[in-house]
Amino acid sequence: MCLTLFIERSFQIFIHDYNIYYQEDPENPGSAIQITTSGQKDLRYGIADWLNEEEILSKAEAVWWSDSGRYISYARYDDRDVNKIYVVSYSFGNQYPNYEEISYPKTGVVNNPFTNLYIWDKANNQVVEAMPPDALRHENQSFYVLQNKWLHMPSSLQSELGPERLLTIWSNREQTIAYFTLCGVGDCRNVHQQTFVIGGQSLWVEPGEFEVILESKKGFFVVLPRKYSDLNIYNHIAHIELLPTGVGKIRSWVGGAFDIVKVFSYDAVSDTLTFASTGSRIAEMKLYRAYKATTKTPVIQSLSSLLPNCNNGHFTVSPTGKRATIECQSEFEQNRLFLIDVINPNDYYQIGPDTSEKPPELFFDLPEFSYETITLPSGYEAEVRIMKPPHFNKDDKYPVLVEVYGGPNSNRVQRSAPSPQLLSLCSSYGIVIIWIDVRGTARKGWNIKAPVYKHLGEYESADTIDGTNLLLDKYPYLDRGNVAIFGWSYGGYLSTWVGANDQGNTFKCIVSVAPVTNWLLYDSAYTERYMGMPMENLAGYNRTSLFNVAENLRNVRYFLAHGEMDDNVHYQNSGLLAYKLQSKLIHFEQYVYSNAAHSMGDQHQHLFREIARFLSSQACFHIEVEQ
């Protein structure tokens with residue numbers, strides 16, 4: 001049984017056994033109308049399957065309700081022909097293992113989930129299909145629905161298009177083109193097509209960048225790539241105006257020499273947009289407003305900069321776009337919350353505790369943080385964050401741990417408190433922790449992201465090695481003879497790549513948790529987005545397989561851990577890499593966690609105790625710690 005509840009006004013939509021129901025009066029049991037009837041585990045209505053929840057929507061719900069309450073759009077995910085994986089778990093008192101079946105398409109397989117999009121007209125109890133663009137209908141339904149948003153049609157277009165239409169963003173399976181359609185009960189119109197090949201550079205469609213679509217008086221705002229005057233390509237906000245035919249035309253842009261990270265709200269009365277961006281600063285996040293957003297010359301202002309010492313924060317903006325909260329954040333300092341008038345931003349005041357009061361006493365000594373930008377031998381710039389142990393002395397020598405993730409469109413250099421586990425390694429073991437944002441990372445435009453397209457692991461590992469060596473040469477307090485690297489998931493893949501490429505010259509010890517070891521073993525949507533289809537990039541898939549470089553781990557101390565119940569990066573990845581290492585008689589440490597998924601769950605504490613033991617052992621840093 002699966003039950004999800006969507007409540008709007010006094011009506012409700014719920015999903016039971018993968019079918020959708022509508023109930024006019026929630027307090028009247030038995031009055032629900034069943035909208036769909038054929039739902040089952042592998043034919044889901046309104047609930048995403050594993051692939052679409054994990055890689056496309058980032059949520060389970062796949063139901064979208066129009067503002068008037070008349071129309072409901074929902075997706076159907078057909079996994080009946082999708083290959084299955086079986087995740088094993090064990091329970092005391094049961095003689096046999098338990099196996100959970102999951103529909104999981106791996107990269108390049110023929111049968112990806114089939115997605116259909118429907119609109120239900122409550123007034124007529126009528127269901128119609130919102131058809132994909134013609135270009136996608138010839139691909140055996142192998143495409144994705146990235147986002148849906150019900151829009152009020154401009155008053156001048158309502159005689160032609162009706163009062164409301166569903167804006168849908170689709171992509172092809174390889175996620176290189178995004179298609180925008182406007183659908184009603186009667187028909188669908190092609191609004192816009194966005195290719196992700198610009199100025200000779202190729203990138204990918206990132207589903208999360210379409211999370212927010214904002215309605216305007218004449219159309220809508222959406223984040224799209226744009227070549228800027230500095231010749232970099234950034235994520236900017238496009239204003240797309242709807243023409244009488246339903247076709248959209250980009251009339252204006254909002255943005256500068258930076259990526260826009262998130263769009264919040266729009267006030268049509270003052271023509272003001274709010275959005276978040278790092279600007280051009282290291283590891284910062286500020287709230288901005290764009291006044292005259294629909295014109296050719298929008299005026300951009302940092303609202304965060306009006307507040308004292310607020311270069312990094314978390315933001316919420318009211319649906320009207322007129323008010324915002326800015327939560328100013330810094331490592332180990334009390335957060336400060338401000339309410340600000342977006343239209344008259346000099347009108348703000350602080351909410352909550354008086355920061356002039358003495359902050360709560362901490363029961364541990366704090367580490368030190370520093371930030372900088374370095375230029376790599378490749379000519380690319382990398383942002384760096386260094387965490388030094390409490391009572392740091394620049395004349396002493398400290399072991400070094402480089403913590404990596406490195407996945408495409410991600411960042412590790414941030415002005416927020418690190419995880420408790422890394423804090424413990426720094427404070428209790430006296431280890432300097434370093435983060436380096438290298439090629440492939442987000443928020444700095446295509447020039448930094450694009451090189452890793454179809455080359456996962458190659459440039460990130462080279463930059464991590466080069467960046468670490470630059471820092472070792474620059475800071476005498478870093479002990480060149482005691483350097484390790486740690487990563488989880490994509491970070492586990494990257495840490496292993498670094499170990500294989502470096503072969504002990506810089507990194508003495510490698511810690512890899514739940515790594516992908518061969519991209520042919522990972523899911524279709526993620527892998528094909530960044531690596532392309534295997535048959536079209538076979539050399540790239542072979543080149544980035546850890547199986548082919550396992551021999552190079554002979555000269556490092558290697559720690560490998562994986563949860564056997566991992567439904568994301570299957571244990572198969574570590575199992576095959578371990579087999580490779582064993583067959584080559586290479587010594588390494590391996591931890592297999594029964595009943596543990598990708599995040600390790602309640603095995604987390606044991607894992608980090610073993611990582612700390614490994615790093616402090618004679619094999620790595622030879623640190624003696626008082627128990």
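# Close-up views of the predicted model

**View A. Arg189, a buried residue with a charged partner.** Arg189 has a relative accessible area of 16% and therefore counts as buried, since buried means under 20%. Please keep in mind that this is a predicted model. The partner, Glu160, is partly exposed, with a relative accessible area of 44%. Glu160 and Arg189 form a salt bridge in which the closest N and O atoms are 2.9 Å apart. Because Glu160 belongs to helix 3 (residues 158-161) and Arg189 to strand 15 (residues 188-195), the pair ties together parts that are 29 residues apart in sequence.

**View B. Lys84 and Asp42 joined by a salt bridge.** Side chains of opposite charge can pair when their charged atoms come close. Here the N-to-O distance between the side chains of Lys84 and Asp42 is 3.0 Å, and the two meet in a salt bridge. This pair links distant parts of the chain, 42 residues apart: Lys84 sits in strand 8 (residues 84-89), while Asp42 sits in the loop between strand 4 (33-34) and strand 5 (43-45). How accessible is each partner? Lys84 is partly exposed, with a relative accessible area of 24%, whereas Asp42, with 15%, is buried.

**View C. Lys449 and Glu209, a buried pair.** Lys449 and Glu209 make a salt bridge, with 3.8 Å between the closest N and O atoms. Distant parts of the chain are linked by this pair, as 240 residues separate Lys449 in helix 5 (residues 446-449) from Glu209 in the loop between strand 17 (201-202) and strand 18 (214-215). Both Lys449 and Glu209 are buried. Elsewhere, Glu160, Arg165, Asp187 and Arg189 are joined into one network by salt bridges that share partners. The count of salt bridges comes to 24.

**View D. Helix 8 and what covers it.** Helix 8 spans residues 524-531, and eight of its eight residues are buried, so the helix is largely enclosed by the rest of the structure. Among those buried residues are Tyr526, Glu528, Arg529 and Tyr530. The cover over the buried residues of helix 8 includes helix 1 (50-57), strand 12 (143-152), helix 7 (490-502) and helix 9 (538-543). Look just before the helix for Asp523, which caps its N-terminal end: a side-chain oxygen of Asp523 lies 3.2 Å from the backbone nitrogen of Ala525. At the other end, helix 8 is followed by Gly532, which has a positive phi, near 75 degrees.

**View E. Gly499 and its contacts.** Gly499 is found in helix 7. Its relative accessibility is 0%, so Gly499 counts as buried. Which residues does Gly499 touch, not counting residues up to four places away in sequence? The contacts of Gly499 are Gly504, Ile510, Asn552, Leu553 and Val556. A second landmark is Leu157: Gly499 and Leu157 are 342 residues apart in sequence, and their C-alpha atoms are 60 Å apart in space.

**View F. The three domains, to place the close-ups.** The protein chain is divided into domain 1 (3-211), domain 2 (249-356) and domain 3 (368-616). Between domain 1 and domain 2, the C-alpha centres lie 31 Å apart.

Definitions and conventions. Residues numbered from 1 in each chain as written. Predicted model: local features only at pLDDT ≥ 70, side-chain atom pairs only at ≥ 80, totals over all residues. Heavy atoms only, no water. Domains from an automatic or database assignment. Buried < 20%, exposed > 50% of the residue type's maximum accessible area, 1.4 Å probe, protein only. Helix = DSSP H or I, 4+ residues; strand = E, 2+ residues; numbered from the N terminus. Contact = heavy atoms within 4.5 Å. Polar contact = N/O pair within 3.5 Å; in protein donor to acceptor, adjacent residues only side chain to side chain. Salt bridge = Lys/Arg side-chain N within 4 Å of Asp/Glu carboxyl O.
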